[in-house]
Amino acid sequence: MGILKIVVLISGRGSNLKAIVSKCAKKNYPAKVIAIISNNSSASGLNLKGNFEKIVINNKLNKKKFEEDLHKNLKRLKPNLICLAGFMKILSPFIIKKWKNKIINVHPSLLPSFKGLNTHQRALNKGVKISGCSIHFVNESLDGGPIIAQAATTVHENISSKELSQKILKIEHKLYPAVVDLFVKKRISIKKNKVLIKNIKNINSFIKNI
Ligand code: GRF
């Protein structure tokens, strides 16, 4: 079996990208990040060193042209998995259909709560007592695709939205590579819009162990 190819799409800092790259850098790991694609030429995540292609697609192109360019690159790279990691553009059904069940995303809330932007502040405004992150398949509904895994953390009174985002980011860095690993080991399937994970009887014990 060949090495599974991963492409990561970013728009900014790229700390999740780094966590995924580190996971795949392990000796004899059966997957590798072959390219980073960004819509932002000044994304600091593009400074990450490694043996992968770095591609910037002009953000000023209209959506159709941007996605045609993206699709052209993806067709050439032939990834088995596309990870959105702080990618700030909403993909249209054109790309989603072409890469069905191959695109996953990290969102910093316990979905289906707090989809979209400004997540942490909105969670704090509601006085949530726990929050966390979710990794999900990308489908046509924003942050609404089948949920693969989630991890939670307590939200203390008086925590700022910046502190909460840092707290959750730390668990994203564990959960995202763990989900990539499940995908690489072909343990993820989708049935009736729900994700099933092979050999995991209790998802909570999986989360505790990551
Ligand atoms: C993360 O909090 C992720 O959940 C959200 O955007 C942020 C990206 O951070 N979608 P980074 O670029 O991976 O550091």
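A polar contact is a pair of N or O atoms within 3.5 Å; within protein, one must be able to donate a hydrogen and the other to accept it, and residues adjacent in sequence count only if both atoms are side-chain atoms. One such contact, of 3.0 Å, joins the side chains of Glu-172 and Asn-16.

Some background helps here. This is a predicted model, where local features need pLDDT of at least 70 and side-chain atom pairs count only at pLDDT 80 or more, while totals for chains, interfaces and linings use all residues. Residues are numbered from 1 along each chain as its sequence is written, and side-chain values use heavy atoms, leaving out hydrogens and water.

Let us stay with Glu-172. Glu-172 is buried (under 20% relative accessible area; exposed is over 50%, partly exposed in between, with a 1.4 Å probe and protein chains only). Yet Glu-172 has no salt bridge (a side-chain nitrogen of Lys or Arg within 4 Å of a carboxyl oxygen of Asp or Glu). Arg-13, the nearest side chain of opposite charge (Lys and Arg count as positive, Asp and Glu as negative; His and the chain ends are not counted), is 6.3 Å away.

Now for the backbone. Most residues other than glycine have a negative phi, and most peptide bonds are trans. Two residues here have a positive phi without being glycine:

| Residue | Phi | Relative accessible area |
|---|---|---|
| Asp-143 | near 55 degrees | Asp-143: 10%, buried |
| Lys-192 | about 45 degrees | Lys-192: 81%, exposed |

In addition, a cis peptide bond joins Leu-111 and Pro-112, with omega about 10 degrees.
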